[in-house]
Amino acid sequence: MLPGVAYFLLFHYGALVGNVIAFKEYVPFDGLWGSPWVGLGNFQRMFEDAAFWDSVLNTLWIAVLQLVFYFPVPLGLALLLHTLTWSSVRRFVQSVAYLPHFISWVIVVALFQQVLGDTGLLNSGLSGAGLHTVDIIGDPDAFRPLVVAQVVWKDAGWGTIIFLAALAQVDEQQYEAAAIDGAGPWRRFWHVTLPAIRPVVVLLLIIRLGDILSVGFEQMLLQRDAVGPETAEVIDTFVYYQGIVGGDYGFAAAAGLFKGLVGALLVYAANKVAHRLGEQGVYK
């Protein structure tokens, strides 16, 4: 465990010291402690910046769409895989579903551009048939559904792993007893399967809420120029352009710290709700 513990201590807990930049007018040549202290000045600028609130709104829209349309997909796919009786077919389907997870976002975005872009496969077919072409990649109105579809295609298969492990722990005798009592497939799912995997679903949902403001930095950065920052700017890309590109490190650190605090509060609140509902949650 030592390498893993050392990694988290150095790159996660140790890096928390750098949050002091959010309260300074950070100058790299003056160092972390030599830069002038500005207190809450960066946060005041942040809350008064319309571009920051636009990025927050875009982030929330995409996060809600991912939570509603992506989160149930791995569970449904795991249930379908669990019903397959032929192990060879199940392994093949799992392998095909897992594969996109190991493809980088650069390749994924390029694939979607080759299919749905202005000169992509879809428009080539429409043009050949004499129909009107559509540039889905460059359409701001289609951007949010598009990025959710990309996440579903890339990570839905990988997300089934934990659900399949939970389903494997369900006692088959419970299904047999429910079937003998006259329960159909839906009743068996509702009264046997769902109660067995509910703790896992609640745990993953809490973790997802804590990371809800992280909607995919690479994915957004690669497609930001196609639809414009008004549509594709999220908190992560806002921090990148303000800090790394613009050199306003203190302002960018304040935005990043704000995102982290919101995520921590969401985890705490969701965990409290889980306790009220009788679930263990992330911690007792």
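Let's go straight to the salt bridges: this structure holds 5 of them. Please keep in mind, as we go, that we are looking at a predicted model. As background for the pairs I'm about to show, side chains of opposite charge can pair when their charged atoms come close.

Start with Asp-236, which pairs with Lys-259, and here the closest N and O atoms are 2.6 Å apart. The two partners sit in separate helices, Asp-236 in α14, residues 235–245, and Lys-259 in α15, so this salt bridge ties together parts of the chain that are 23 residues apart in sequence. Are these two side chains buried or exposed? Asp-236 has 17% relative accessibility, so it counts as buried, the cut-off being under 20%. Lys-259 is buried as well, with a relative accessible area of 16%.

There is also a network to look at: Arg-224, Asp-225 and Glu-233 are joined by salt bridges that share partners. Within that group, have a look at Glu-233 and Arg-224, whose closest N and O atoms come to 3.0 Å. Glu-233 has a relative accessibility of 9%, which makes it buried. Arg-224, at 11%, is buried too.

One more pair, and this one involves sequence neighbours: the side chains of Lys-154 and Asp-155 meet in a salt bridge, with 3.9 Å from N to O. The cut-off for a salt bridge is 4 Å, so a distance of 3.9 Å is within it. Lys-154 is buried at 6% relative accessible area, and Asp-155, at 19%, also counts as buried.

Now let me step back to the whole chain. What is its secondary structure made of? The count is 15 helices and 0 strands. If you rotate the model, the C-alpha trace spans about 75 × 60 × 35 Å along its principal axes. Of the 284 residues in the chain, 35% are buried. And if you take the contacts between residues at least 6 apart in sequence, 62% of them join residues at least 24 apart.

With that many helices on screen, I'd like to walk you through two of the packings. The first is helix α11, residues 185–210, against helix α15, residues 249–276. Their axes are 7 Å apart and the angle is about 155 degrees. That makes the two helices roughly antiparallel. The crossing of α11 past α15 is right-handed. Which residues do the touching? On the α11 side they are Val-202, Ile-206, Leu-209 and Gly-210, and on the α15 side Gly-263, Leu-266, Val-267, Ala-270, Asn-271 and Ala-274. Sorted by class, that contact has 7 nonpolar residues, 3 polar ones and no charged ones.

The second packing is helix α7, residues 105–116, with helix α12, residues 217–227. In this case the angle is about 45 degrees and the axes lie 9 Å apart. That makes α7 oblique to α12. Here again we have a right-handed crossing. From α7 the contact uses Trp-105, Val-106 and Val-109, and from α12 it uses Glu-218, Gln-219, Leu-222 and Gln-223. The classes here are 4 nonpolar, 2 polar and 1 charged.

To finish, two isoleucines you may want to click on. Where does Ile-137 sit? You'll find it in the loop between α8, residues 121–128, and α9. Ile-137 is buried, with a relative accessible area of 8%. Setting aside neighbours within four places in sequence, its contacts are Phe-112, Gln-113, Leu-116, Gly-117, Leu-146, Ala-226 and Val-227. You can also place Ile-137 relative to Gln-114: the two are 23 residues apart along the chain, and their C-alpha atoms are separated by 9.7 Å.

The other is Ile-162, which lies in helix α9, residues 140–168. At 46% relative accessible area, Ile-162 is partly exposed. Not counting residues up to four places away in sequence, Ile-162 touches Val-200 and Leu-204. As a reference distance, Ile-162 and Tyr-283 are 121 residues apart in sequence and 18 Å apart in space, C-alpha to C-alpha.

That's my tour, and thanks for listening!

Key
Residues numbered from 1 in each chain as written. Predicted model: local features only at pLDDT ≥ 70, side-chain atom pairs only at ≥ 80, totals over all residues. Heavy atoms only, no water. Axes fitted to C-alpha atoms, helices over the stretch in contact; angles between N-to-C directions. Helix = DSSP H or I, 4+ residues; strand = E, 2+ residues; numbered from the N terminus. Parallel < 35°, antiparallel > 145°, perpendicular 65-115°, else oblique. Left-handed = near helix turned anticlockwise from the far one by under 90°. Contact = heavy atoms within 4.5 Å. Nonpolar A, V, L, I, M, F, W, Y, C, P; charged D, E, K, R; others polar. Buried < 20%, exposed > 50% of the residue type's maximum accessible area, 1.4 Å probe, protein only.
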